[in-house]
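Here are my notes for a colleague who is opening this entry for the first time. Please keep the structure open while reading.

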Amino acid sequence: MRILSLVGARPNFMKLAPLSRELARRDPVEHVIVHTGQHYDRDMSDTFFEDLGIPKPHFNLEVGSGTHAQQTAAIMERFEPLCIAPEPELVLVYGDVNSTVAGALVAAKLRISVGHVEAGLRSRDWSMPEEVNRVVTDRLSTLLFTPSRDADENLRAEGIPGERIHFVGNIMIDSLVHALPRARELNRAAQLGVAGGEYVVVTLHRPSNVDDPGTLRELAGALQDLAKQHPVVFPVHPRTRNRLREFSVPLVDSDRLQLLEPVSYVEMLSLVSAAGLVVTDSGGLQEETSFLGVPCVTVRPNTERPVTITHGTNELVVPLRSAVVRAALAACGKRATGKPVIDLWDGKTAERIAEVICDFCTGGCERGQS
Ligand code: UD1
């Protein structure tokens with residue numbers, strides 16, 4: 001039973017890791033990993049494979065950067081031959097990046113079934129490239145693995161037949177649960193000289209926040225203001241670093257505002273789990289902070305992950321200097337107490353996905369111990 005997983009960008013890798021472990025235990029599954037090369041810097045890609053224990057990809061399509069059309073087209077062109085001989089029974093795609101939609105298009109046109117891990121999320125914001133990727137990928141998928149009940153509702157409202165929708169929970173939490181002991185032991189905060197519960201972790205990379213010089217200036221100003229009250233640790237995404245330079249936005253590395261290169265998965269988890277606050281525009285961090293009980297201020301007008309607001313620690317804020325600072329100062333240090341209560345965010349999502357896959361593929365499969 002040949003199953004092909006296509007991944008390409010940083011947030012895909014933590015969704016692949018638990019499923020790759022789980023599929024390796026199933027007989028007679030042959031799980032082939034294809035990396036598109038959308039993210040190619042060592043610290044955006046290779047370190048994640050090492051950190052998360054994902055086997056080296058069988059193929060790397062090395063598409064690199066480009067416009068959306070160039071990137072999507074290059075992935076499609078290079079991925080298609082891998083789906084022809086031998087033909088897989090299922091192509092798995094993850095999340096909402098360009099690699100996701102490109103893989104789904106190739107497989108669907110070859111009449112190969114597509115499984116989408118993290119299906120059904122909707123921001124209803126068509127200015128986000130990810131929203132286009134989500135809707136198109138879900139429309140092309142046969143197996144839709146959803147992380148939350150609202151995702152099921154979104155899919156049903158779009159007319160996706162109920163038998164295709166599988167509520168399995170959040171696979172990001174599988175990776176988190178698996179790596180948390182290592183992350184705590186690492187204690188990255190101590191290495192950076194910041195005190196647990198007091199510092200702020202920042203990530204910003206969305207085109208809507210960093211590609212507009214005015215907005216990027218507002219946000220840089222907010223971080224400078226914030227750093228006067230709380231130490232700030234900011235691993236800077238390559239897109240953001242490029243824009244800061246291009247627009248000559250002053251943001252200077254200091255003891256109070258530490259600008260880092262992108263950090264590994266375990267380092268990030270270590271930083272986030274001990275933080276007083278996270279300020280972000282990432283999707284995954286809204287979920288991770290909700291699970292960990294760490295307050296999160298998300299610099300976006302909307303979220304495709306509303307459960308992190310209704311049941312988690314997340315709040316949305318507009319990208320204005322004063323608004324970000326006000327929200328951040330109010331939230332910092334106010335950790336949620338008690339166990340997280342989001343349905344099926346329990347570290348066992350990969351197991352549930354593998355069960356569905358084995359039932360779906362011809363002949364079924366058995367779960368071994370290794
Ligand atoms: C992509 C995803 C986004 C995800 C993010 C996480 C899409 C449409 N967007 O955005 O959903 O949240 O990844 O990181 O797929 N670059 C490097 N080195 C790298 C990768 C990128 O220098 O390893 C630079 C390139 O200049 C590139 C820019 O970053 O042009 C943006 O990369 P790209 O893959 O287009 O999108 P992201 O902004 O990373």
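1. Start with the ligand. The model is predicted, and 20 residues surround the ligand in it. The closest are Gln-38, His-39, Asn-98, Glu-130 and Arg-239.

2. Look next at the polar side-chain atoms. One from Glu-130 lies 2.8 Å from an oxygen atom of the ligand. One from Asp-41 lies 2.8 Å from a ligand nitrogen atom. Asn-242 also places a polar side-chain atom 3.4 Å from an oxygen atom of the ligand.

3. How much of the ligand does the protein bury? Taken alone, the ligand exposes 740 Å². The protein buries 88% of that.

4. Three elements give two or more residues to the shell around the ligand: α1 (10–24), α3 (68–79) and α11 (238–246). α11 gives the most, with 3 residues. By class, the shell has 9 polar, 6 charged and 5 nonpolar residues.

5. Now turn to the nonpolar interior. In soluble globular proteins, nonpolar side chains tend to be buried together. Here the largest nonpolar core has 59 residues. Leu-19, Leu-92, Phe-145, Tyr-265 and Ile-357 touch the most other members. Helix α7 (residues 171–186) supplies the largest share of this core, 7 residues. Another core, of 32 residues, lies apart from it. Val-210, Leu-257, Val-297 and Val-317 are among its members.

6. Take Leu-19 as a worked case. Which residues does Leu-19 contact, leaving aside neighbours within four places in sequence? They are Leu-92, Tyr-94, Val-117, Ile-171, Ala-350, Ile-353 and Ala-354.

Note on methods:
Residues numbered from 1 in each chain as written. Predicted model: local features only at pLDDT ≥ 70, side-chain atom pairs only at ≥ 80, totals over all residues. Heavy atoms only, no water. Core = buried A, V, L, I, M, F, W, Y, C linked by side-chain atoms within 4.5 Å. Buried < 20%, exposed > 50% of the residue type's maximum accessible area, 1.4 Å probe, protein only. Helix = DSSP H or I, 4+ residues; strand = E, 2+ residues; numbered from the N terminus. Contact = heavy atoms within 4.5 Å. Near = heavy atom within 4 Å. Polar contact = N/O pair within 3.5 Å; in protein donor to acceptor, adjacent residues only side chain to side chain. Areas by Shrake-Rupley, 256 points an atom, 1.4 Å probe, with all protein chains shown as cover. Nonpolar A, V, L, I, M, F, W, Y, C, P; charged D, E, K, R; others polar.
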